[in-house]
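Work through the exercises below with the sequence and the model side by side. Try each task before reading the solution that comes after it.

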Amino acid sequence: MSILDICIYPDPVLRHKAETVEEIDEDILRLIDDMAETMYNAPGIGLAANQVGRPLRVLVIDLQREESKNGLIALINPELVSGRGEVNYEEGCLSVPEFYSQVKRFEEIVVCALDRKGEKVEINADGLLAIALQHEIDHLEGKLFIDLMSPVSRDIFKRKWKKKLKEEKE
Ligand code: QAP
Ligand code: CO
C-alpha cells in the first residue's frame, strides 16, 4: 500500500465529474487500499478518488479511525437515492486544509453502491455518517463544501485562501 498525494483546492481534478467504475479490477482494489492508507495518514475521516487525482466513483470513510480499523467503508459507484430533513454541521476537507465552515445537508439519507466484492449495498445513514457520505459523493460530482456556504462565508473563504496562497509564495 502507499500514501498518495492529496490534491489541494483549486486543483482542477477536484472539479471533474468522476467516471463510473465499469470493472472492479486490481487497479480499483489497490486504489481503495491506497486511499484508506492516505486517509488514515492525513488524518481524515473521508476521502474521494478525485482528491488523489483519480476521477473515478470510489470513496472511503472511517468515522472511528484509530480506535479500530474495522470501521472502514469503501464504496464504488455510490448514489444518493433519497434524503430527508436538514442539519447544519461544521465541515472541513483534506483538499481545503485548515478551513472549516457550517454547511447544510440532509439529516437522513439512503445510498446505494457496490462494495469491494462488487455486491450491491444499501446504506441508511443519519448523524455524522450521513454528512460524510454526502460530502464524499459531492466530490465525485466535482462539488466541494465551499460551494454550499452562504455568500458571506464564501467571501471570507476567498479572502483567506488568497492570503494563504500569497504567504506560501513568499
Ligand atoms: C469529510 O473530511 C467530512 O482542514 C472528511 O487541516 C467533513 O476528513 C465528513 C481535515 C465533515 C464529515 C463531516 C481537514 C484534516 C480532515 C483539515 C476530513 C485539516 C486536516 C477532513
Ligand atoms: Co472533502
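The exercises that follow concern a predicted model, and they go from the chain as a whole to its backbone and then to its ligand.

**Exercise 1. The chain as a whole**

Determine how many helices and strands the protein chain has, in what order they run, and how the radius of gyration relates to the globule rule.

Solution. Begin by counting the elements, which come to three helices and seven strands in the protein chain. Next, follow them from the N terminus, where the order reads α-β-β-β-β-β-β-β-α-α. The radius of gyration of the protein chain is 16 Å, and since the globule rule gives 15 Å for 170 residues, a value close to it, the chain is as compact as a globular protein of that length. Finally, the extent of the C-alpha trace along its principal axes is about 45 × 40 × 30 Å.

**Exercise 2. Backbone details**

Find out which peptide bonds before proline 10 and proline 43 are cis or trans, and where these prolines lie; then place asparagine 77 and examine its phi.

Solution. Take proline 10 to start with: the peptide bond that leads to it from tyrosine 9 is cis, with omega near 5°, and proline 10 belongs to the segment before α1, which covers residues 26-41. Then turn to proline 43, where the bond from alanine 42 is cis, with omega near 0°; proline 43 is part of the loop between α1 and β1 (46-48). As a last step, look at strand β3, residues 73-84, which contains asparagine 77. Although asparagine 77 is not a glycine, its phi is positive, at about 50°.

**Exercise 3. The surroundings of ligand 1**

Describe the shell around ligand 1 by its number of residues, their classes and the elements that supply them.

Solution. Count the shell before sorting it: 18 residues surround ligand 1, and the closest are Gly44, Ile45, Gly92, Glu98 and Tyr100. Sorted by class, the shell holds 11 nonpolar, four polar and three charged residues. Sorted by element, β4 (87-91) and α2 (127-140) each supply at least two residues, and α2 gives the most, with five. The space that ligand 1 takes is the largest pocket.

**Exercise 4. Polar contacts and cover**

Identify what lies opposite the oxygen atoms of ligand 1 at isoleucine 45, glutamate 98 and tyrosine 100, backbone or side chain.

Solution. At isoleucine 45, a polar backbone atom is 2.8 Å from an oxygen atom of ligand 1. At glutamate 98, a backbone N or O atom is likewise 2.8 Å from an oxygen atom of the ligand. At tyrosine 100, by contrast, an N or O atom in the side chain lies 3.1 Å from an oxygen atom of ligand 1. To finish, consider the cover: of the 510 Å² of accessible area that ligand 1 has on its own, the protein covers 85%.

Methods
Residues are numbered from 1 along each chain as its sequence is written. Chains are lettered from A and ligands numbered from 1 in the order in which they are written. This is a predicted model: local features need pLDDT of at least 70, side-chain atom pairs count only at pLDDT 80 or more; totals for chains, interfaces and linings use all residues. Side-chain values use heavy atoms; hydrogens and water are left out. A residue is near a molecule or strand if one of its heavy atoms lies within 4 Å of it. A polar contact is a pair of N or O atoms within 3.5 Å; within protein, one must be able to donate a hydrogen and the other to accept it, and residues adjacent in sequence count only if both atoms are side-chain atoms. Accessible areas come from the Shrake-Rupley method with a 1.4 Å probe; for residues, only the protein chains shown count as cover. On a 1 Å grid over the protein atoms alone, a cavity is a set of points where a 1.4 Å probe fits but cannot get out, and a pocket is an open set with protein on both sides within 12 Å along at least five of seven lines; lining residues have an atom within 4 Å of a point. A molecule sits in a cavity or pocket if more than half of its atoms lie within 2 Å of its grid points. Helices (H or I, at least four residues) and strands (E, at least two) are DSSP runs, numbered from the N terminus. Ala, Val, Leu, Ile, Met, Phe, Trp, Tyr, Cys and Pro count as nonpolar, Asp, Glu, Lys and Arg as charged, and the others, Gly among them, as polar. The radius of gyration is taken over C-alpha atoms; the globule rule is 2.2 Å times the number of residues to the power 0.38.
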